[in-house]
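Here are some notes to go with your first look at this one. Keep the viewer open and follow the points in order.

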Amino acid sequence: MDTQRVPPPAPPGAAEPSPGRIAPSAAAPVAAEAAGDGPVWRALLGYLRPSWRWLVAGGLLSLLTGAVGLTLPLAARELVGDLGADRPLAGALATMTALVVITAALGPLGEYVLRRTGESIVLTARRRLVSHLLRLRIPAADQTEPGDLMTRVTSDTTLLRQVATDSLVGTVTGGLTLLASVALMAVLDPVLLAITLGVLALSGAVVRLVMSRVSRASAAVQESVGAMGAALERVLGALRTVKASGAEHREEAAVHGAAEDSWRAGVHAAKWLSLAGHTAELTLQIAFFTVLAVGGARVAAGAIDVGTLIAFLMYVYYLVLPLQQLVGAAGQYQVGAAAVARIRAAERLPAEPAGPAVPLPAPGAPPAALEFRDVRFRYGPELPPVHRGLTFAVPARGMTAFVGPSGAGKTTVFSLIERFYEPGSGTILLDGRDLADWDVAELRAAIGYVEQDAPVLSGSLRDNLLLGHPGASDHELRRVLRTARLDGLVARLPAGLDSLVGHRGTKLSGGERQRVAIARALLRRPRLLLLDEATSQLDAVNEAALRDTVAEAARTTTVLVVAHRLSTVTLADRIVVVDGGVARAVGTHAELVAADPLYAELAATQFLAAAP
């Protein structure tokens, strides 16, 4: 094979052309509000729409409970009248008893329906948000904190329950109950009603001022909770590193600081919410005593009778609940609006389109051919380019190794093939077809990918192996266990394949995690197998066995390997030397040692193991 010489990289000052596809840019901050999204209440209604029938049912039950309760003062007026006229009390007492029993029965039923509906709303929102987050584009995921996203799924969605049941339904039922109470009070005595409304109007102005403070405080609370979740996830995600570095006290102080910030924000919000609630309560007390004083004078003057005054005072007392509902609803709406804004911001993060599951390649499917044509890529507009016109071709079948200095862009090649990122310009072809024209799910179904850190998920060993091919047969599973040299591990584990591997595979060694990742990829029967430092944590015996496995796989599929061990590289049918964002040379080991100085230097000084 003749060594292919490729032009050197463009000078640093050269312009980077960007026709066609646009290079990925940093995702906008998750908390930012996008223009044109419409008011929060409209988004909130979108979450409530699937459960609107149950919301209406719960609201009607609450209204019916309030309506029955509003007849009690009228029944009390009749009772006082019967007492004054020395008439029998049995009928009035029976009526009041029946009204109390009905209220006691309808109230809990309505509350249950609303609470159940609230839980359904939370479930719907969590499903929708989780589905979106699992399909996030990698650039967007890179720009966000996992802990903050988790608080949006857990804490923020929980607040939707409160805003649905307390805010929306509370506003409707409280408002209608308040209007009905005012109408009945107007029938009893317009003068006392005017005095009551005057006092309420004064307090309404104060509450409105307070609610603007509640809105800002509620948004700060939700942001601080997200920051605390991000700080905690950062520590727990690298707990061993923290302990080994003796950094417990420093990280503890950082998380405690985030918790204290959340506490301060919560206390600030609680202050304004308490002020709003007690302003309404104080207003009602003032209204009650004012009505009592003025009403007593009107009774003495003969303008109204005692029964009317007692009924009116009961209605003033009855105003407590609807007013508390309205003030509470306003507060809950501000809290819920902040949560909805955070949920919407997460849902606006760029995501890949959802689609049906795509079948894996059939046994014996032909291997894939790959080609990069003048590919240019950078991770962000403010970052230096990674690829400056990367060009190479990989024929179907065989092994191709990528070597080069650290930071040359070798791993990024695999990320572009998987379409985790899109190139700024240039073309990537798979089987002669532009990757941009492939359905993402179809593309990834044809690829097996072993990442550099070989991540393992919590759960059983079986769950991890079947992650990419849940329908694999026991025969296929046994085959890949032997191929990846995992059969001995399974025999030693107490529960075999059903043994738990721990959080991020902490119960497995680094080499075992790599072999699990390789077995998982091989189980998918890939047409293109990507191995990024797949043998870096294996001992010599397992590395030699796995090299044989990869060589065997290369006979029937296309294998791409990023490797630093000479023993792996020398087995490759072709080697691509990547430096400065371009493929500077392509050839066999012998050809490159003779023709490319960089490769000769890498072979002599940087590869970790000599060829056998």
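1. Start with the largest pocket, which holds about 2,500 Å³ of space. Bear in mind that this is a predicted model. The pocket is lined by 49 residues, and the ones closest to its centre are Leu 134, Ile 138, Phe 420, Arg 444 and Glu 451.

2. What is the lining made of, by class? It has 30 nonpolar residues, 12 charged ones and 7 polar ones. Several elements supply at least two lining residues each, among them helix 3 (90-134), helix 4 (138-142) and helix 5 (146-188). From later in the chain, helix 11 (410-417), helix 12 (440-445), strand 7 (447-450) and helix 16 (510-522) each do so too.

3. Now have a look at Glu 352. You'll find this residue in the loop between helix 10 (320-347) and strand 2 (370-377). Is Glu 352 buried or exposed? Its relative accessibility is 15%, so Glu 352 counts as buried. Setting aside neighbours within four places in sequence, Glu 352 is in contact with Arg 135, Arg 137, Arg 419, Val 440 and Arg 444. Arg 444 came up before, as one of the residues closest to the centre of the largest pocket.

4. Stepping back for a moment: the protein has 612 residues, and 47% of them count as buried. There are 20 helices and 11 strands. Take the contacts between residues at least 6 apart in sequence: 80% of these join residues at least 24 apart.

5. Leu 160 is a handy example of a buried position. This leucine is found in helix 5, and its relative accessible area is 0%. Which residues does Leu 160 touch, not counting those up to four places away in sequence? They are Leu 44, Tyr 47, Ile 121, Ala 125, Val 340 and Ile 343. Val 335 is 175 residues from Leu 160 along the chain, yet the C-alpha atoms of the two are separated by 9.2 Å.

6. On to the aromatics. The structure holds 8 aromatic pairs. Phe 377 and Tyr 379 make one of them, an edge-to-face pair with 4.8 Å from centre to centre and 85° between the planes. How do the two partners compare in accessibility? Phe 377 counts as buried at 2% relative accessibility, while Tyr 379 is partly exposed at 31% relative accessible area.

7. Another pair is formed by Phe 392 and Phe 402. Their ring centres are 5.1 Å apart and their planes sit at 70°, so this pair is edge-to-face as well. Phe 392 belongs to strand 3 (residues 387-394) and Phe 402 to strand 4, so the pair ties together parts that are 10 residues apart in sequence. Both of these phenylalanines are buried. They also belong to one aromatic cluster, together with Phe 372, Phe 414, Phe 420 and Tyr 449.

8. Phe 392 deserves a second look. Its relative accessible area is 3%, so Phe 392 is buried. Leaving out residues up to four places away in sequence, Phe 392 touches Leu 370, Glu 371, Phe 372, Phe 402, Val 413 and Val 576. How far is Phe 392 from Ala 583, in sequence and in space? The two are 191 residues apart in sequence and 6.8 Å apart from C-alpha to C-alpha.

9. Helix 17 is a good one for checking geometry. At 1.5 Å a residue, the 14 residues of this helix (residues 540-553) should span 20 Å, and the end C-alpha atoms are indeed 20 Å apart, which agrees. The buried residues of helix 17 are Asn 542, Glu 543, Ala 545, Leu 546, Arg 547, Thr 549, Val 550 and Ala 553. They pack against strand 4 (398-403), helix 14 (474-483), helix 16, strand 8 (528-532), strand 9 (558-562) and helix 18 (566-569).

10. Last, two backbone spots to check. Asp 374 is not a glycine, but has a positive phi of about 50°. This aspartate is in strand 2 and is partly exposed, with a relative accessible area of 38%. Arg 485 also has a positive phi, near 60°. Arg 485 sits in the loop between helix 14 and helix 15 (487-492), and is partly exposed at 39% relative accessible area.

Technical notes:
Residues are numbered from 1 along each chain as its sequence is written. This is a predicted model: local features need pLDDT of at least 70, side-chain atom pairs count only at pLDDT 80 or more; totals for chains, interfaces and linings use all residues. Side-chain values use heavy atoms; hydrogens and water are left out. On a 1 Å grid over the protein atoms alone, a cavity is a set of points where a 1.4 Å probe fits but cannot get out, and a pocket is an open set with protein on both sides within 12 Å along at least five of seven lines; lining residues have an atom within 4 Å of a point. Grid points are joined across faces, edges and corners, and a volume is the space filled by probe spheres set on the points. Helices (H or I, at least four residues) and strands (E, at least two) are DSSP runs, numbered from the N terminus. Ala, Val, Leu, Ile, Met, Phe, Trp, Tyr, Cys and Pro count as nonpolar, Asp, Glu, Lys and Arg as charged, and the others, Gly among them, as polar. The expected span of a helix is 1.5 Å times one less than its number of residues. Buried means under 20% relative accessible area, exposed over 50%, partly exposed in between (1.4 Å probe, protein chains only). Contact means heavy atoms within 4.5 Å. Rings of Phe, Tyr and Trp (its six-membered ring) pair if their centres lie within 6.5 Å; planes under 30 degrees apart count as stacked, over 60 as edge-to-face and the rest as tilted.
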